[in-house]
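Okay, thanks everyone, let's get going. Today I want to walk you through the empty spaces in this one, pockets and then cavities.

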Amino acid sequence: MTVAAFPEVTADADDLSLWPASTNRLPHGGLAVGGVSLAEVAERFDTPVYVLDEGEVRERCRTYRAAFPEAEVLYAAKAFLSRAMVRWVQEEGLGLDVCSAGELELAVTAGFPPERIVLHGNAKSPRDLGSALRLGVGRIVIDGPSEIARIAAAVGPLGRQKVMVRVVPGVAAGGHEKIRTGTDGQKFGLSLTDGSAQHAVARVLGRPELELTGLHCHIGSQITTAKAYLVALRRMVGLMARIRDCHGVTLPELDMGGGHGIAYRPGEPALDLTALARKLRTALAESCGAAALPVPRLTVEPGRAVVGPAGVALYRVLAVKHTGGTVFVAVDGGMSDNPRPALYGARYAPRLVGRHSTAGYRTATVVGRHCEAGDVLAADARLPADVRPGDLLAVPVAGAYQLSMASGYNMVGRPPVIAVHQGTARVLVRRETLDDLRGRDIGG
(Lines give C-alpha, C1' and ligand atoms only; values in the text may rest on other atoms or scores of the structure.)
Protein backbone atom coordinates (compact mmCIF):
# COMPACT_ATOMS: atom_id res chain seq x y z
CA MET A 1 0.00 0.00 0.00
CA THR A 2 1.38 3.39 -0.95
CA VAL A 3 0.91 6.72 0.74
CA ALA A 4 -1.48 7.77 -2.01
CA ALA A 5 -3.87 4.97 -1.01
CA PHE A 6 -4.76 6.82 2.20
CA PRO A 7 -7.59 9.37 2.10
CA GLU A 8 -6.59 13.01 2.14
CA VAL A 9 -7.02 14.67 5.51
CA THR A 10 -8.10 18.31 5.37
CA ALA A 11 -8.65 19.02 9.06
CA ASP A 12 -7.56 22.29 10.60
CA ALA A 13 -3.78 22.33 11.00
CA ASP A 14 -4.33 23.89 14.44
CA ASP A 15 -6.28 20.81 15.62
CA LEU A 16 -4.93 19.45 18.93
CA SER A 17 -7.27 16.46 19.16
CA LEU A 18 -4.42 13.97 18.68
CA TRP A 19 -2.16 15.53 21.29
CA PRO A 20 -1.83 14.48 24.94
CA ALA A 21 -4.66 15.76 27.11
CA SER A 22 -2.19 17.94 29.01
CA THR A 23 -1.30 19.97 25.88
CA ASN A 24 -1.79 23.72 26.23
CA ARG A 25 -1.30 26.59 23.83
CA LEU A 26 1.29 29.19 24.81
CA PRO A 27 1.77 32.75 23.52
CA HIS A 28 3.60 33.27 20.24
CA GLY A 29 2.71 29.89 18.75
CA GLY A 30 4.14 27.73 21.50
CA LEU A 31 2.79 24.52 22.98
CA ALA A 32 3.31 22.92 26.37
CA VAL A 33 2.89 19.22 27.14
CA GLY A 34 2.80 18.02 30.71
CA GLY A 35 3.26 21.61 31.81
CA VAL A 36 6.56 21.96 29.92
CA SER A 37 7.15 24.16 26.86
CA LEU A 38 8.17 22.11 23.83
CA ALA A 39 10.44 24.93 22.67
CA GLU A 40 12.21 24.83 26.04
CA VAL A 41 12.65 21.06 25.73
CA ALA A 42 14.26 21.54 22.33
CA GLU A 43 16.58 24.25 23.66
CA ARG A 44 17.56 22.29 26.74
CA PHE A 45 17.97 18.83 25.22
CA ASP A 46 18.62 19.67 21.54
CA THR A 47 16.85 17.99 18.61
CA PRO A 48 15.71 15.55 17.44
CA VAL A 49 14.15 14.60 20.75
CA TYR A 50 11.21 12.53 21.94
CA VAL A 51 8.89 13.96 24.59
CA LEU A 52 6.79 11.46 26.54
CA ASP A 53 3.88 12.60 28.71
CA GLU A 54 3.91 10.42 31.83
CA GLY A 55 0.39 11.47 32.80
CA GLU A 56 -0.97 10.47 29.41
CA VAL A 57 0.65 7.02 29.62
CA ARG A 58 -0.75 6.45 33.09
CA GLU A 59 -4.24 7.62 32.13
CA ARG A 60 -4.30 5.29 29.12
CA CYS A 61 -3.29 2.37 31.35
CA ARG A 62 -6.17 3.25 33.67
CA THR A 63 -8.57 3.45 30.73
CA TYR A 64 -7.67 -0.12 29.78
CA ARG A 65 -8.08 -1.34 33.34
CA ALA A 66 -11.53 0.30 33.48
CA ALA A 67 -12.60 -1.10 30.10
CA PHE A 68 -11.37 -4.63 30.88
CA PRO A 69 -11.82 -4.97 34.67
CA GLU A 70 -12.09 -8.75 34.57
CA ALA A 71 -9.30 -9.29 32.03
CA GLU A 72 -5.51 -9.34 32.12
CA VAL A 73 -4.07 -6.32 30.32
CA LEU A 74 -0.47 -6.74 29.15
CA TYR A 75 1.49 -3.77 27.85
CA ALA A 76 3.32 -4.73 24.63
CA ALA A 77 6.88 -3.68 25.40
CA LYS A 78 7.96 -3.68 21.74
CA ALA A 79 6.10 -0.38 21.24
CA PHE A 80 8.48 1.42 23.61
CA LEU A 81 10.36 0.25 26.67
CA SER A 82 12.46 1.94 29.31
CA ARG A 83 12.90 1.47 33.02
CA ALA A 84 10.52 4.34 33.73
CA MET A 85 7.92 2.86 31.38
CA VAL A 86 8.23 -0.46 33.20
CA ARG A 87 7.55 1.29 36.50
CA TRP A 88 4.55 3.25 35.18
CA VAL A 89 2.97 0.13 33.71
CA GLN A 90 3.50 -1.84 36.90
CA GLU A 91 2.13 0.89 39.13
CA GLU A 92 -1.00 1.17 36.97
CA GLY A 93 -1.72 -2.55 37.28
CA LEU A 94 -0.80 -3.88 33.85
CA GLY A 95 1.24 -6.95 33.01
CA LEU A 96 3.93 -7.04 30.35
CA ASP A 97 4.39 -8.73 26.98
CA VAL A 98 8.02 -9.04 25.79
CA CYS A 99 9.65 -10.45 22.66
CA SER A 100 13.31 -10.91 23.61
CA ALA A 101 15.76 -11.52 26.41
CA GLY A 102 16.71 -7.85 26.19
CA GLU A 103 13.18 -6.62 26.86
CA LEU A 104 12.66 -9.28 29.52
CA GLU A 105 15.83 -8.59 31.45
CA LEU A 106 15.37 -4.82 31.34
CA ALA A 107 11.89 -5.25 32.79
CA VAL A 108 12.92 -7.64 35.54
CA THR A 109 15.99 -5.63 36.54
CA ALA A 110 13.69 -2.57 36.73
CA GLY A 111 11.62 -4.44 39.31
CA PHE A 112 8.78 -5.89 37.25
CA PRO A 113 7.50 -9.24 38.64
CA PRO A 114 8.45 -11.94 36.10
CA GLU A 115 5.35 -14.00 36.81
CA ARG A 116 3.32 -11.16 35.22
CA ILE A 117 5.36 -11.26 32.01
CA VAL A 118 4.53 -13.17 28.81
CA LEU A 119 7.27 -14.02 26.29
CA HIS A 120 6.43 -13.99 22.57
CA GLY A 121 8.45 -14.50 19.42
CA ASN A 122 8.35 -16.54 16.21
CA ALA A 123 12.04 -17.48 16.51
CA LYS A 124 13.07 -17.46 20.15
CA SER A 125 16.81 -17.75 20.62
CA PRO A 126 18.46 -19.99 23.24
CA ARG A 127 19.16 -16.81 25.20
CA ASP A 128 15.50 -15.77 25.02
CA LEU A 129 14.28 -19.09 26.39
CA GLY A 130 17.12 -19.38 28.88
CA SER A 131 16.37 -15.97 30.34
CA ALA A 132 12.64 -16.70 30.46
CA LEU A 133 13.11 -19.93 32.37
CA ARG A 134 15.82 -18.58 34.65
CA LEU A 135 13.79 -15.52 35.59
CA GLY A 136 10.48 -17.36 35.83
CA VAL A 137 8.17 -15.71 33.29
CA GLY A 138 4.49 -16.33 33.72
CA ARG A 139 3.81 -17.63 30.20
CA ILE A 140 5.76 -18.56 27.09
CA VAL A 141 3.76 -18.37 23.86
CA ILE A 142 4.64 -21.31 21.60
CA ASP A 143 4.81 -20.05 18.03
CA GLY A 144 5.97 -23.14 16.16
CA PRO A 145 6.23 -26.93 16.57
CA SER A 146 9.99 -26.98 17.14
CA GLU A 147 9.62 -24.87 20.29
CA ILE A 148 7.66 -27.57 22.10
CA ALA A 149 10.55 -29.98 22.48
CA ARG A 150 13.06 -27.17 22.98
CA ILE A 151 11.17 -25.63 25.88
CA ALA A 152 10.37 -28.99 27.44
CA ALA A 153 14.03 -30.04 27.29
CA ALA A 154 15.16 -26.75 28.79
CA VAL A 155 12.61 -27.04 31.62
CA GLY A 156 13.74 -30.56 32.49
CA PRO A 157 11.86 -33.44 34.15
CA LEU A 158 11.60 -31.73 37.52
CA GLY A 159 10.20 -28.45 36.25
CA ARG A 160 6.95 -27.19 34.79
CA GLN A 161 6.46 -24.11 32.61
CA LYS A 162 3.14 -22.50 31.76
CA VAL A 163 2.70 -22.03 28.00
CA MET A 164 0.15 -20.91 25.44
CA VAL A 165 -0.14 -21.84 21.77
CA ARG A 166 -0.33 -19.03 19.22
CA VAL A 167 -3.08 -19.79 16.71
CA VAL A 168 -3.57 -18.23 13.28
CA PRO A 169 -7.36 -17.91 13.08
CA GLY A 170 -7.53 -16.99 9.39
CA VAL A 171 -8.66 -13.39 9.88
CA ALA A 172 -7.20 -10.54 7.81
CA ALA A 173 -6.98 -7.27 9.72
CA GLY A 174 -4.60 -4.35 10.08
CA GLY A 175 -3.60 -1.07 8.52
CA HIS A 176 -1.02 -2.50 6.09
CA GLU A 177 -0.09 -5.92 4.71
CA LYS A 178 3.18 -5.86 6.65
CA ILE A 179 1.35 -5.69 9.98
CA ARG A 180 -1.39 -8.26 9.28
CA THR A 181 -0.64 -11.40 11.23
CA GLY A 182 -3.93 -13.28 11.48
CA THR A 183 -3.85 -15.15 8.18
CA ASP A 184 -1.90 -18.08 6.77
CA GLY A 185 1.15 -17.32 4.67
CA GLN A 186 3.02 -15.17 7.22
CA LYS A 187 5.62 -16.13 9.78
CA PHE A 188 3.64 -16.10 13.01
CA GLY A 189 1.71 -18.82 14.77
CA LEU A 190 0.15 -22.17 13.93
CA SER A 191 -2.65 -22.47 11.41
CA LEU A 192 -6.16 -23.34 12.45
CA THR A 193 -7.18 -24.29 8.90
CA ASP A 194 -4.48 -26.87 8.16
CA GLY A 195 -4.60 -28.53 11.57
CA SER A 196 -1.13 -27.52 12.75
CA ALA A 197 -2.54 -25.66 15.76
CA GLN A 198 -4.51 -28.71 16.88
CA HIS A 199 -1.47 -30.93 16.40
CA ALA A 200 0.71 -28.58 18.47
CA VAL A 201 -1.87 -28.56 21.27
CA ALA A 202 -1.85 -32.36 21.37
CA ARG A 203 1.94 -32.41 21.57
CA VAL A 204 2.03 -29.83 24.37
CA LEU A 205 -0.55 -31.78 26.36
CA GLY A 206 1.69 -34.82 26.03
CA ARG A 207 4.66 -33.09 27.66
CA PRO A 208 4.62 -33.18 31.49
CA GLU A 209 7.16 -30.33 31.59
CA LEU A 210 4.61 -27.99 29.98
CA GLU A 211 1.31 -26.71 31.34
CA LEU A 212 -1.01 -25.46 28.60
CA THR A 213 -2.97 -22.60 30.14
CA GLY A 214 -4.70 -21.33 27.02
CA LEU A 215 -4.62 -20.13 23.43
CA HIS A 216 -3.22 -16.95 21.97
CA CYS A 217 -3.81 -15.04 18.75
CA HIS A 218 -2.81 -11.67 17.34
CA ILE A 219 -4.50 -10.76 14.08
CA GLY A 220 -2.68 -7.56 13.15
CA SER A 221 -1.98 -3.94 14.05
CA GLN A 222 -3.75 -0.61 13.57
CA ILE A 223 -7.18 -2.27 13.60
CA THR A 224 -9.94 0.32 13.98
CA THR A 225 -13.14 -1.78 14.16
CA ALA A 226 -14.17 -4.67 16.41
CA LYS A 227 -15.49 -6.97 13.68
CA ALA A 228 -12.26 -8.89 12.97
CA TYR A 229 -11.65 -9.44 16.68
CA LEU A 230 -15.10 -10.95 17.08
CA VAL A 231 -14.60 -13.33 14.16
CA ALA A 232 -11.24 -14.43 15.56
CA LEU A 233 -12.66 -14.85 19.06
CA ARG A 234 -15.43 -17.17 17.88
CA ARG A 235 -12.95 -19.31 15.98
CA MET A 236 -10.67 -19.49 19.01
CA VAL A 237 -13.54 -20.57 21.25
CA GLY A 238 -14.44 -23.19 18.65
CA LEU A 239 -10.92 -24.57 18.90
CA MET A 240 -11.11 -24.58 22.70
CA ALA A 241 -14.29 -26.65 22.44
CA ARG A 242 -12.59 -29.14 20.13
CA ILE A 243 -9.67 -29.42 22.57
CA ARG A 244 -12.15 -30.17 25.34
CA ASP A 245 -13.89 -32.79 23.23
CA CYS A 246 -10.68 -34.46 21.98
CA HIS A 247 -8.49 -34.25 25.06
CA GLY A 248 -10.83 -33.68 27.97
CA VAL A 249 -9.00 -30.45 28.81
CA THR A 250 -10.76 -27.14 29.45
CA LEU A 251 -8.37 -24.26 28.95
CA PRO A 252 -8.77 -21.36 31.39
CA GLU A 253 -7.19 -18.53 29.35
CA LEU A 254 -7.72 -16.84 25.99
CA ASP A 255 -5.32 -14.11 24.82
CA MET A 256 -6.69 -12.03 21.95
CA GLY A 257 -3.52 -9.99 21.44
CA GLY A 258 -3.46 -6.30 20.66
CA GLY A 259 -3.27 -4.21 17.50
CA HIS A 260 -5.74 -1.58 18.72
CA GLY A 261 -5.66 1.22 16.18
CA ILE A 262 -5.08 4.89 16.94
CA ALA A 263 -5.35 8.04 14.83
CA TYR A 264 -2.13 9.64 13.62
CA ARG A 265 -3.77 12.54 11.77
CA PRO A 266 -6.93 14.56 12.47
CA GLY A 267 -9.98 12.87 11.02
CA GLU A 268 -8.54 9.37 10.98
CA PRO A 269 -10.48 6.55 12.68
CA ALA A 270 -9.41 4.96 15.95
CA LEU A 271 -10.62 1.84 17.71
CA ASP A 272 -13.39 2.48 20.24
CA LEU A 273 -11.92 0.71 23.26
CA THR A 274 -15.08 0.73 25.36
CA ALA A 275 -17.13 -0.72 22.50
CA LEU A 276 -14.46 -3.34 21.80
CA ALA A 277 -14.43 -4.47 25.43
CA ARG A 278 -18.23 -4.70 25.56
CA LYS A 279 -18.46 -6.64 22.30
CA LEU A 280 -15.66 -9.03 23.25
CA ARG A 281 -17.31 -9.78 26.59
CA THR A 282 -20.66 -10.44 24.93
CA ALA A 283 -19.21 -12.59 22.13
CA LEU A 284 -17.10 -14.58 24.58
CA ALA A 285 -20.06 -15.30 26.84
CA GLU A 286 -22.30 -16.25 23.91
CA SER A 287 -19.70 -18.44 22.19
CA CYS A 288 -18.79 -20.25 25.40
CA GLY A 289 -22.44 -20.70 26.26
CA ALA A 290 -23.16 -22.25 22.89
CA ALA A 291 -20.18 -24.60 23.30
CA ALA A 292 -20.99 -25.42 26.94
CA LEU A 293 -17.58 -24.06 27.98
CA PRO A 294 -16.78 -22.03 31.07
CA VAL A 295 -15.77 -18.49 30.12
CA PRO A 296 -11.95 -18.29 30.07
CA ARG A 297 -10.00 -15.36 31.45
CA LEU A 298 -9.48 -12.88 28.65
CA THR A 299 -6.14 -11.19 27.97
CA VAL A 300 -5.45 -8.19 25.71
CA GLU A 301 -2.06 -6.76 24.75
CA PRO A 302 -2.14 -3.04 23.90
CA GLY A 303 1.13 -1.29 23.12
CA ARG A 304 0.67 1.46 20.55
CA ALA A 305 -2.67 2.51 22.07
CA VAL A 306 -1.01 3.06 25.47
CA VAL A 307 2.16 4.92 24.52
CA GLY A 308 1.67 6.18 20.95
CA PRO A 309 -0.50 9.25 21.68
CA ALA A 310 1.65 10.12 24.72
CA GLY A 311 4.72 10.88 22.59
CA VAL A 312 5.77 13.95 20.62
CA ALA A 313 8.81 14.11 18.35
CA LEU A 314 10.63 17.44 17.96
CA TYR A 315 12.79 18.28 14.94
CA ARG A 316 14.69 21.37 13.83
CA VAL A 317 14.29 22.48 10.22
CA LEU A 318 17.65 22.41 8.41
CA ALA A 319 16.65 23.39 4.88
CA VAL A 320 13.69 24.32 2.70
CA LYS A 321 13.85 23.50 -1.00
CA HIS A 322 11.42 24.08 -3.89
CA THR A 323 11.81 21.34 -6.51
CA GLY A 324 9.46 20.61 -9.39
CA GLY A 325 6.47 22.15 -7.67
CA THR A 326 7.13 20.37 -4.38
CA VAL A 327 8.27 22.10 -1.21
CA PHE A 328 10.71 19.92 0.71
CA VAL A 329 11.25 20.74 4.37
CA ALA A 330 14.32 18.86 5.61
CA VAL A 331 14.76 18.23 9.34
CA ASP A 332 17.56 16.95 11.55
CA GLY A 333 16.07 13.47 12.03
CA GLY A 334 14.42 11.01 9.71
CA MET A 335 14.15 7.31 9.03
CA SER A 336 16.84 6.44 11.57
CA ASP A 337 14.53 7.58 14.38
CA ASN A 338 11.21 6.85 12.64
CA PRO A 339 11.22 4.18 9.92
CA ARG A 340 7.43 3.75 9.89
CA PRO A 341 6.70 5.97 6.85
CA ALA A 342 9.34 4.16 4.81
CA LEU A 343 8.26 0.71 6.01
CA TYR A 344 4.51 0.95 5.47
CA GLY A 345 3.45 4.40 4.44
CA ALA A 346 2.60 5.74 7.89
CA ARG A 347 1.44 9.35 7.83
CA TYR A 348 1.87 12.10 10.41
CA ALA A 349 0.75 15.70 10.99
CA PRO A 350 3.78 17.89 11.83
CA ARG A 351 3.14 21.30 13.34
CA LEU A 352 5.22 24.45 13.64
CA VAL A 353 5.81 25.32 17.30
CA GLY A 354 7.77 28.02 19.08
CA ARG A 355 6.79 30.94 16.88
CA HIS A 356 3.57 32.36 15.51
CA SER A 357 3.21 32.61 11.73
CA THR A 358 0.75 34.87 9.96
CA ALA A 359 1.41 33.20 6.60
CA GLY A 360 -1.16 30.93 5.03
CA TYR A 361 -0.75 27.18 4.94
CA ARG A 362 0.71 25.19 2.09
CA THR A 363 1.37 21.52 1.49
CA ALA A 364 4.96 20.48 2.06
CA THR A 365 6.88 17.22 2.18
CA VAL A 366 8.82 16.87 5.42
CA VAL A 367 11.92 14.77 4.78
CA GLY A 368 14.79 13.49 6.85
CA ARG A 369 18.53 13.97 6.57
CA HIS A 370 19.43 10.47 5.42
CA CYS A 371 20.79 9.35 2.07
CA GLU A 372 17.58 7.68 0.87
CA ALA A 373 14.87 9.07 -1.40
CA GLY A 374 12.39 7.20 0.79
CA ASP A 375 13.42 9.13 3.90
CA VAL A 376 10.11 10.97 4.15
CA LEU A 377 8.50 11.75 7.52
CA ALA A 378 5.31 13.42 6.25
CA ALA A 379 4.44 13.46 2.55
CA ASP A 380 1.65 16.03 2.60
CA ALA A 381 2.07 18.13 5.71
CA ARG A 382 0.17 21.41 6.09
CA LEU A 383 2.74 23.96 7.25
CA PRO A 384 2.93 27.75 7.18
CA ALA A 385 4.17 29.07 3.85
CA ASP A 386 7.03 30.88 5.59
CA VAL A 387 8.53 27.79 7.26
CA ARG A 388 12.31 28.27 7.32
CA PRO A 389 15.57 26.82 8.61
CA GLY A 390 15.77 27.00 12.38
CA ASP A 391 12.04 26.45 12.88
CA LEU A 392 10.88 23.80 15.31
CA LEU A 393 8.46 21.13 14.09
CA ALA A 394 6.52 18.92 16.49
CA VAL A 395 5.01 15.61 15.45
CA PRO A 396 2.29 14.19 17.72
CA VAL A 397 1.44 10.50 18.24
CA ALA A 398 5.16 9.67 18.23
CA GLY A 399 5.43 7.41 21.26
CA ALA A 400 5.19 3.97 19.65
CA TYR A 401 7.36 2.03 17.19
CA GLN A 402 9.68 4.93 16.48
CA LEU A 403 12.58 4.94 18.92
CA SER A 404 12.03 1.22 19.49
CA MET A 405 12.62 0.64 15.76
CA ALA A 406 15.37 3.23 15.37
CA SER A 407 18.63 2.38 13.62
CA GLY A 408 22.20 3.60 13.42
CA TYR A 409 21.91 4.61 9.76
CA ASN A 410 24.47 7.25 8.75
CA MET A 411 25.75 7.08 12.35
CA VAL A 412 23.73 10.09 13.46
CA GLY A 413 22.81 8.63 16.86
CA ARG A 414 19.37 7.90 18.27
CA PRO A 415 17.45 10.71 20.03
CA PRO A 416 16.84 10.92 23.76
CA VAL A 417 13.49 10.41 25.47
CA ILE A 418 12.41 13.18 27.83
CA ALA A 419 9.54 12.57 30.25
CA VAL A 420 7.33 15.52 31.09
CA HIS A 421 4.98 15.57 34.06
CA GLN A 422 3.45 18.34 36.14
CA GLY A 423 5.81 21.01 34.85
CA THR A 424 9.01 18.97 35.13
CA ALA A 425 11.16 17.45 32.38
CA ARG A 426 13.66 14.67 32.98
CA VAL A 427 15.75 12.35 30.82
CA LEU A 428 14.54 8.75 30.55
CA VAL A 429 16.88 7.63 27.76
CA ARG A 430 19.93 9.74 26.93
CA ARG A 431 20.99 10.69 23.42
CA GLU A 432 23.22 8.20 21.64
CA THR A 433 26.54 9.96 21.03
CA LEU A 434 29.32 9.58 18.51
CA ASP A 435 31.43 8.16 21.34
CA ASP A 436 28.78 5.44 21.80
CA LEU A 437 28.95 4.58 18.13
CA ARG A 438 32.75 4.64 17.95
CA GLY A 439 33.03 2.59 21.16
CA ARG A 440 31.40 -0.43 19.53
CA ASP A 441 33.95 -0.47 16.69
CA ILE A 442 36.90 -2.34 18.19
CA GLY A 443 38.52 -3.55 14.97
CA GLY A 444 41.92 -2.32 13.89
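Let me jump straight in with the second largest pocket: its lining splits into 7 nonpolar, 2 polar and 7 charged residues. Keep in mind that this is a predicted model. The pocket holds about 510 Å³ of space, and 16 residues line it. Nearest its centre you'll find Leu81, Leu403, Ser404, Arg414 and Val429. Which helix gives the largest share of that lining? That's α4, residues 101–109, with 3 residues.

Now the largest pocket. Its volume is about 790 Å³, and of its 32 lining residues, Lys78, Cys99, Phe188, Ser221 and Tyr401 sit closest to the centre. By class, that lining comes out as 9 nonpolar, 13 polar and 10 charged.

Okay, on to the closed spaces. There are 3 cavities of 30 Å³ or more, and I'll just talk about the second largest, at about 70 Å³. Charged residues are absent from its lining, which has 8 nonpolar and 2 polar ones. Strand β4, 49–53, and strand β14, 311–323, each put in at least two residues, with β4 giving the largest share, 3. Among the lining residues are Tyr50, Val51, Leu52, Gly311 and Val312. Leu403 is on that list too, and you just met Leu403 near the centre of the second largest pocket.

Last thing, how far to trust it. Mean pLDDT for the chain is 92, with 94% of residues at 70 or more. Residues 1–11 fall below 50, and beyond near neighbours in sequence that stretch has 19 contacts in the model.

Definitions and conventions:
Residues are numbered from 1 along each chain as its sequence is written. This is a predicted model: local features need pLDDT of at least 70, side-chain atom pairs count only at pLDDT 80 or more; totals for chains, interfaces and linings use all residues. Side-chain values use heavy atoms; hydrogens and water are left out. pLDDT is the predictor's confidence in each residue, from 0 to 100. Contact means heavy atoms within 4.5 Å. On a 1 Å grid over the protein atoms alone, a cavity is a set of points where a 1.4 Å probe fits but cannot get out, and a pocket is an open set with protein on both sides within 12 Å along at least five of seven lines; lining residues have an atom within 4 Å of a point. Grid points are joined across faces, edges and corners, and a volume is the space filled by probe spheres set on the points. Helices (H or I, at least four residues) and strands (E, at least two) are DSSP runs, numbered from the N terminus. Ala, Val, Leu, Ile, Met, Phe, Trp, Tyr, Cys and Pro count as nonpolar, Asp, Glu, Lys and Arg as charged, and the others, Gly among them, as polar.
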